[in-house]
Amino acid sequence: MTVEEEIRRRILASRAITFAEFMGLALFWPGGGYYTGPDHIGSSGDFYTSPHAHPAFGALIAVQLHQMWQVMGHPATFTVVELGAGNGLLCRDITSYAAGLPGDFARSLRYVCVDTLVAGGVERESTRDPRGPTVNRLASLLSMGPLGGEHHRGIPLRGIKGCLLSNELLDAFPVHQVTLSQGSFKEVYVTLTGDVLEYALKEPSTPRLATRLAGLGITLAEGQTVEINLGIDDWVDDAAEALDIGFILTVDYGRVASDLYSMDDRPRGTLTTFYRHTQTDSPLQRIGRQDMTAQIDFTTVMNAGIQAGLETLGFTTQARFLANLGLPRLRDRLTALDLPRRQLAANNTGMLDLARPGGLGDFKVLIQGKNVGTPALWGFEEPVSEQAVALASNVPILDAGHLPLMEGRYPHASLEFDWDPFYDIDASGRDGS
Ligand SMILES: C[S@@+](CC[C@H](N)C(=O)[O-])C[C@H]1O[C@@H](n2cnc3c(N)ncnc32)[C@H](O)[C@@H]1O
């Protein structure tokens, strides 16, 4: 049975399923959901993420992790659990860069990749130096969610002292869609008319939807449709419980609630689909063969964290975060390397893509802390910390695991494009304006 057949079977059994159930099945149904299939990220997949653009992403996160390790008093074991680690590329880049950082950091680093599938990825290529980090892979725990029909994939570890890390995890969680139609609050369902899958508006499946919006102070306008990611609360609770001492570093695309739920800017919400690097915006097609995603409401991630006893230690854009950790310095050093022109240009393009306005640069970085006080973290520190810049001194270079951004398939990243005017960050990482 295909995932589409399973969806149709469920609709026939109950007339309609919520959009969240539809999305959860399309992405994660064990018998053929999108994320159970072959690698979907990278040049042969449907989209790419920051680790694929350039290894500087992992390198600079390693610099931030090094400071966290210092803040925690250089523990002999510092565990990084990467949730939604995908093909393990970020793990590989972080652990490789960590191997060159000072002190016993690399020896202390125990890195665990967690994803829905236990099958390993390129993290296996991580340094095998016995003095380097140890790397393991675990599958997330599958259990029934609080709404009965929804699956919740839990963190398979407890007592963590270190950092829970994720890049583009929360945007893959199934979302409910709600709207205000003729003055009444409705939820979007998926149903069948004859043979055709269609949307239908019905009473909300749970009071949590209205409660979430009311708690955020959001009132929908007539005709406005928004997504609500109920999985965030469970995930933050789970993460806070899994962590004994340390940090939760979340990178994703999204906004604070007042911006995300703006009728003027996003009247139809942010749900979208990707197929072969093209934004297709057609969730009911290519079921199980295309990615489906919605922007994250970071206000809810922060609120849920406060409820669970976490401190919000910083929130900024990816462009600013990477600049504060030394991205401009890495670019400077890159140009001083004796690389062939094409390789130099490819690396420069990849680094710039990480901070591109309107693209990865607009992603957000949130760090929450538990039992670590309120340290000033380098990623949020301005002017840029000299200690951070000192650690960002070895330039990591693109290899076969990353994306050939220069090779025609990604025209926005062409060699001829002059990026610099779009950046307000000079080489010292400070505002050029
Ligand atoms: C958009 S991909 C991002 C992959 C990777 N972090 C990157 O940046 O390239 C989302 C990943 O999260 C995984 N995932 C989704 N929900 C999860 C959960 N609850 N626990 C662990 N992994 C999950 C998916 O299987 C998928 O590999």
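**Group meeting: a walk through the model**

Let me start with one pair of residues: T273 has M292, in strand β16, standing opposite. Before I go on, a caution: what you have in front of you is a predicted model.

The strand that pairs with β16 here is β14, residues 272-275, and the two run antiparallel, joined by 3 bridges. They belong to an open sheet of 3 strands, ordered β15-β14-β16, with antiparallel pairing. At the edges are β15, residues 278-279, and β16, residues 291-293, and each of these pairs on one side only.

Two residues in the loop between β15 and β16 deserve a mention. One of them is D281. Its phi is near 50°, which is positive in a residue other than glycine. With a relative accessibility of 47%, D281 counts as partly exposed. The other is R286, in the loop between β15 and β16 as well. R286 is not a glycine either, yet its phi is positive, about 45°. At 22% relative accessibility, R286 also counts as partly exposed. For background, most residues other than glycine have a negative phi, and most peptide bonds are trans.

There is a peptide bond to set beside that: the one from E382 to P383 is cis, with omega near 0°. P383 sits in the loop between β19 and α14, the helix at 386-391.

Now to another sheet. It has 7 strands, it is open, and the order is β4-β3-β2-β7-β12-β19-β18, with mixed pairing. β4, residues 134-139, and β18, residues 311-317, are the edge strands; each has a single partner strand, so one side of each has no neighbour in the sheet. From one strand to the next, the twist averages 15°.

Let me go through some of the pairings. Strand β2, residues 78-83, runs parallel to β3, residues 109-115, and 6 bridges join them. T79, for instance, stands opposite R110 in β3.

Two helices pack on this sheet. Helix α10, residues 298-307, touches β12 (243-252), β18 and β19 (364-370), and its direction makes about 0° with that of β19. Helix α11 also packs there, touching β12, β18 and β19, with its direction at about 100° to that of β18.

Back to the strands: β2 also runs parallel to β7, with 4 bridges between them. In that pairing, E82 stands opposite L165 in β7. β7 pairs with β12 too, in the parallel sense and over 8 bridges. There, K161 has I245 in β12 as its bridge partner. How much of strand β7 is buried? Of its 8 residues, 160-167, 7 are buried, so to say it in words, the strand is mostly covered.

Helix α11 deserves a second look. All told, 8 of its 8 residues are buried, so the helix is largely enclosed by the rest of the structure. Among them are Q318, R320, F321 and N324. Just after α11 comes G326, with a positive phi of about 115°.

Then comes helix α12, residues 327-336, whose buried residues are L327, P328, L330 and L334. These cover an arc of only 160° around the axis, which puts them on the same side of α12. What covers them includes α4, α5 (89-98), α11 (318-325) and α13 (341-354).

That brings us to the cores. The largest nonpolar core has 55 residues, and L65, F78, L249 and I367 have the most contacts inside it. Helix α4, residues 56-71, gives the most to this core, with 10 residues. A second, separate core has 27 residues, including V175, L197, L271 and A294. As for I367, its contacts beyond four places in sequence include Q64, M68, F247, L313, F321 and F380.

One more residue, a charged one in name: which helix holds R212? R212 is in α7, residues 208-216. R212 is buried, with a relative accessible area of 10%. Beyond its neighbours within four places in sequence, R212 is in contact with I228, N229, L230, D233, D297 and T300.

Last, confidence. The average pLDDT is 90, and 91% of the residues score at least 70. Over residues 408-433, though, the pLDDT is below 50, and this stretch has 56 contacts in the model beyond near neighbours in sequence. Where pLDDT is low, the predicted coordinates should not be read in detail.

Notes
Residues numbered from 1 in each chain as written. Predicted model: local features only at pLDDT ≥ 70, side-chain atom pairs only at ≥ 80, totals over all residues. Heavy atoms only, no water. Core = buried A, V, L, I, M, F, W, Y, C linked by side-chain atoms within 4.5 Å. Buried < 20%, exposed > 50% of the residue type's maximum accessible area, 1.4 Å probe, protein only. Contact = heavy atoms within 4.5 Å. pLDDT = per-residue confidence, 0-100. Arc of directions from axis to C-beta. Pairing = 2+ DSSP bridges. Axes fitted to C-alpha atoms, helices over the stretch in contact; angles between N-to-C directions.
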